[in-house]
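Open the model in your viewer, set it to cartoon, and keep the selection box handy. We will go from stop to stop, picking a residue or an element each time and looking at what surrounds it.

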Amino acid sequence: MTPAIKLLEKHQILFEVLQFKHIETSVNFANEAAEQLCLKPETVFKTIVINVDGVLHIAILPSTNKVDLKAYAKACKGKRAELADAQLAQSSTGYVIGGISPFAQKKRLKTLLHHSAKHHSHVYVSAGRRGLEVKVSPRDIVRMCGANFATF
């Protein structure tokens, strides 16, 4: 049981846990989840920590997309965005790379959810461990994470 799952249970959010055997050599974790679980890749979302003008933020976007850092910075009303250092991402969220969940992070960071999530009744995000996903509605992601929809 991860902190993300505990938080969803505590708030009585409807969700489903999906588990698969993580391949240790895999580095594209969201794509691995889509493939292993036979899910549509555009419904499997990855959680990325981004540094915008020295402040950490969270981006949640489809596994099929690459984050547009300029657009992300603009959506945050910032000037410059870059992927956060892996160690910093792990220490600020409390999760390992490839298992960063948008839920129950150590520090609540400003979160943007990719606008394409609006087109799905549910999406899959990390449950807080490699090989563990949760199926949840985008509406609940917005509510639980204080997220805003954005194009990036």
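Start by selecting D53, which sits in the loop between β2 and β3. Bear in mind as you look that this is a predicted model. Check the backbone here: phi of D53 is positive, about 50 degrees, although D53 is not a glycine. Now turn on the surface. D53 counts as partly exposed, because its relative accessibility is 44%, and the range for that label runs between 20% and 50%.

For another backbone of this kind, select K77, in the loop between α3 (69–75) and β4 (81–83). K77 is not a glycine either, and its phi has a positive value near 60 degrees. Is K77 buried or exposed? At 79% relative accessibility, K77 counts as exposed.

**Into strand β2**

Next, select T47, a residue of strand β2 (residues 45–52). T47 has a relative accessible area of 11%, so it is buried. Show its side chain and find the polar atom that lies 3.4 Å from the backbone oxygen of I100. Then display the neighbours: leaving out residues up to four places away in sequence, T47 touches I58, A59, I60, I100, S101, P102 and Q105.

One of those neighbours, S101, is the next selection. You will find S101 in the loop between α4 (86–93) and β5. S101 counts as buried because its relative accessibility is 0%. A polar atom of the S101 side chain lies 3.1 Å from the backbone nitrogen of F103. With residues up to four places away in sequence set aside, S101 touches A4, T47, Y95, S126, A127 and G128.

**The largest pocket**

Stay with T47 and bring up the pockets. The largest pocket holds about 560 Å³ of space. Its lining is made of 28 residues, and the closest to the centre are F29, K46, T47, I48 and I97. Which elements give two or more residues to this lining? They are α2 (29–37), β2 and β6 (123–129). The largest share, five residues, comes from β2. Colour the lining by residue type and you should get 14 nonpolar, eight polar and six charged residues.

**Around helix α5**

Now select helix α5 (residues 138–145) and pick out its buried residues: P138, D140, I141, M144 and C145. Turn the view until you look down the axis of α5; the buried residues fall within an arc of 155 degrees, so they line one face of the helix. What do they pack against? Their partners are α1 (3–10), β3 (55–62), β5 (110–114), β6, β7 (132–136) and β8 (148–150). On the other side of α5, R139 and R143 are exposed. Step past the end of α5 to G146, where phi is positive, near 65 degrees.

For the last stop, select H119, in the loop between β5 and β6. H119 counts as exposed because its relative accessibility is 65%. Then add P138, and draw a distance between the two C-alpha atoms: H119 and P138 are 19 residues apart in sequence, and 9.1 Å apart in space.

Conventions. Residues numbered from 1 in each chain as written. Predicted model: local features only at pLDDT ≥ 70, side-chain atom pairs only at ≥ 80, totals over all residues. Heavy atoms only, no water. Helix = DSSP H or I, 4+ residues; strand = E, 2+ residues; numbered from the N terminus. Buried < 20%, exposed > 50% of the residue type's maximum accessible area, 1.4 Å probe, protein only. Polar contact = N/O pair within 3.5 Å; in protein donor to acceptor, adjacent residues only side chain to side chain. Contact = heavy atoms within 4.5 Å. 1 Å grid on protein atoms, 1.4 Å probe; cavity = no way out; pocket = protein on both sides within 12 Å on 5 of 7 lines; lining within 4 Å. Points joined across faces, edges and corners; volume = space filled by probe spheres on them. Nonpolar A, V, L, I, M, F, W, Y, C, P; charged D, E, K, R; others polar. Arc of directions from axis to C-beta.
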